[in-house]
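Biologist: I keep tripping over the words people use for structures. Can we go through them one by one, with the model on the screen?

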Amino acid sequence: MIPFMKSHHLCCLLACFGCFIANSDSLHAQLPTGWKQHDWDRPRPAKVDVGPESPAAQPPSDAIVLFDGTNLDQWRSGDKGPAKWIVKDGAMEPTPHGGYLYSAQSFGDCQLHLEWASPEKIVGTSQGRGNSGVFLQGLFEVQILDSFDNETYADGQSGAIYGQYPPLVNASRKPGAWQSYDIVFRRPHYSDSGQLTQPARITVLHNGVLIQDHVEPVGPTSWIQFHKYAPTPEKLPLTLQDHGNPVRFRNIWIRELPPTTISPPQSPYDPVVVELTKDQIDRIVGTYKRNGGGTWEISFKDGKLWFHTIAKPLEMIPHSEREFGLKYTAGSINLEYDQENRPAKISFTMGGTTSQGTRER
Ligand code: MG
């Protein structure tokens with residue numbers, strides 16, 4: 001359920017009901033996951049014993065600390081005013097009608113760590129027990145629920161991408177125990193004309209156990225309805241859900257991630273490729289004695305020059321008869337010629353190390 005829908009459950013239900021009457025095709029509609037939301041028959045994830053709770057994890061030095069147990073300075077309420085949750089004993093939790101919490105700073109691609117504990121005293125059943133959630137970009141909910149011993153639908157369990165993907169396993173600890181989520185989030189991408197070019201991607205570890213493996217949400221989280229992707233700003237506030245249950249949070253930190261599609265600069269090992277003549281190739285092919293021991297071979301096969309060192313032969317990319325790059329690795333081979341225009345010396349550079357050798361005749 002996305003934040004603004006909480007007070008509109010009934011409206012959504014009625015609207016959805018009307019939609020089904022109006023269009024019989026919808027009776028057989030499924031989400032792109034292949035399942036309808038909240039199918040009670042969808043297999044539940046197997047339980048995994050993750051052991052007792054751990055002390056709060058230390059944030060890495062480049063993390064933005066969103067909650068260190070002392071204040072709510074990094075959070076706002078839905079009206080952009082001060083957060084209405086309380087801080088108690090190093091943890092924060094919703095107050096009655098406190099509403100959703102929004103991070104003051106907006107985020108896109110990120111690594112998020114948060115720790116949470118469902119109420120020790122069990123109250124309610126199914127989705128009414130220890131329900132909260134963290135919404136990435138305020139759009140994609142990783143469900144928080146007391147799922148330790150709580151029968152509910154598979155795609156609503158703790159660690160579910162709510163309504164879409166159940167967790168791979170149920171890695172829940174007992175109510176009251178601290179649990180951790182480590183989440184890697186990649187935002188969706190859109191073309192200039194607003195077409196989705198890459199869906200969001202979410203990976204989640206629950207108490208150190210992988211429960212979501214780079215899954216692609218089929219759209220922003222919705223409740224009962226299906227919301228398709230639609231362009232949004234690249235960065236949006238992180239949201240914590242107030243579902244009316246006193247779920248506690250501590251130790252929340254986030255690291256902004258660089259985009260996955262970084263174009264590498266032009267490599268100095270990739271200048272113009274030239275075609276060598278047969279004579280040039282014949283002069284280059286042969287054995288080279290490596291200074292300090294061992295030999296290198298240069299061969300010609302399948303129309304390509306190959307450099308034989310300790311590993312499998314490396315394809316040489318000729319930039320001239322003196323300078324060569326390697327096809328897959330940042331490295332170079334350079335030849336020096338004698339007065340008779342025959343290769344006499346060789347140097348091989350890779351990984352910051354250069355080795356020298358001489359032609360064996
Ligand atoms: Mg929730």
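**Words and their cut-offs**

Modeller: Sure, let's begin with the inside: the largest nonpolar core has 40 residues, and W75, M92, L114, I202, L240, F249 and I252 have the most contacts inside it. Strand β7 (residues 110–117) gives the largest share of this core, four residues. Another core, of 16 residues, lies apart from it, with W296, L305, F307 and F348 among them. Before we go on, this is a predicted model, where local features need pLDDT of at least 70, side-chain atom pairs count only at pLDDT 80 or more, and totals for chains, interfaces and linings use all residues. Residues are numbered from 1 along each chain as its sequence is written, and side-chain values use heavy atoms, with hydrogens and water left out.

Biologist: What makes a set of residues a nonpolar core?

Modeller: The set must consist of buried Ala, Val, Leu, Ile, Met, Phe, Trp, Tyr and Cys residues joined through side-chain atoms within 4.5 Å.

Biologist: And which residues is I202 in contact with?

Modeller: Contact means heavy atoms within 4.5 Å. Leaving aside neighbours within four places in sequence, the partners of I202 include L136, F140, V142, I161 and H214.

Biologist: Now the metal. Which residues are called donors of the magnesium ion?

Modeller: N131 (OD1), S132 (O), E141 (OE), Q143 (OE1) and Q241 (OE1) are its protein donors, lying 2.1 to 2.4 Å from the ion. Donors are N, O and S atoms within 2.8 Å of the metal (3.2 Å for Na, K and Ca), so these atoms earn the name. Water is not among the atoms, so sites may look incomplete. Along the sequence, the donor residues are spaced N-S-x8-E-x1-Q-x97-Q. Q143 in strand β9 (residues 140–144) and Q241 in the loop between β16 (236–240) and β17 (248–256) link distant parts of the chain, 98 residues apart.

Biologist: Why is Q143 called buried?

Modeller: Buried means under 20% relative accessible area, exposed over 50%, and partly exposed in between (1.4 Å probe, protein chains only). Q143 has 0%, so Q143 is buried. Q241 has 2%, so Q241 is buried too.

Biologist: What makes a stretch a strand?

Modeller: Strands (E, at least two residues) and helices (H or I, at least four) are DSSP runs, numbered from the N terminus.

Biologist: How do you know that β8 and β9 pair?

Modeller: Two strands pair if DSSP finds at least two bridges between them. Five bridges join strand β8 (residues 132–136) to β9, so the two pair, and they run antiparallel. V134 stands opposite V142 in β9. They belong to an open sheet of five strands in the order β3-β6-β16-β8-β9, with antiparallel pairing.

Biologist: Why are β3 and β9 called edge strands?

Modeller: Each of them, β3 (75–76) and β9, pairs on one side only.

Biologist: Why is the meeting of R255 and D62 called a salt bridge?

Modeller: A salt bridge is a side-chain nitrogen of Lys or Arg within 4 Å of a carboxyl oxygen of Asp or Glu. The R255 and D62 side chains meet at 2.8 Å, N to O, so the pair qualifies. R255 sits in strand β17 and D62 in the loop between β1 and β2, 193 residues apart. R255 is partly exposed at 22% relative accessibility, and D62 is partly exposed at 47%.

Biologist: How many salt bridges does that rule give?

Modeller: The count comes to 13. Among them is E256 with K235, whose closest N and O atoms are 2.9 Å apart. E256 lies in strand β17 and K235 in the loop between β15 (209–215) and β16, so this pair ties together parts 21 residues apart in sequence.

Biologist: What about K327 and E315?

Modeller: Their side chains meet at 3.8 Å, N to O, which is within 4 Å, so that pair is a salt bridge as well. K327 counts as partly exposed at 41% relative accessibility, whereas E315 is buried at 13%.

Biologist: One last residue: is Q37 buried or exposed?

Modeller: Q37 has 18% relative accessibility, and the cut-off for buried is under 20%, so Q37 counts as buried. Q37 lies in the loop between α1 (9–22) and β1, and the residues touching Q37 include L31, D155 and W223.
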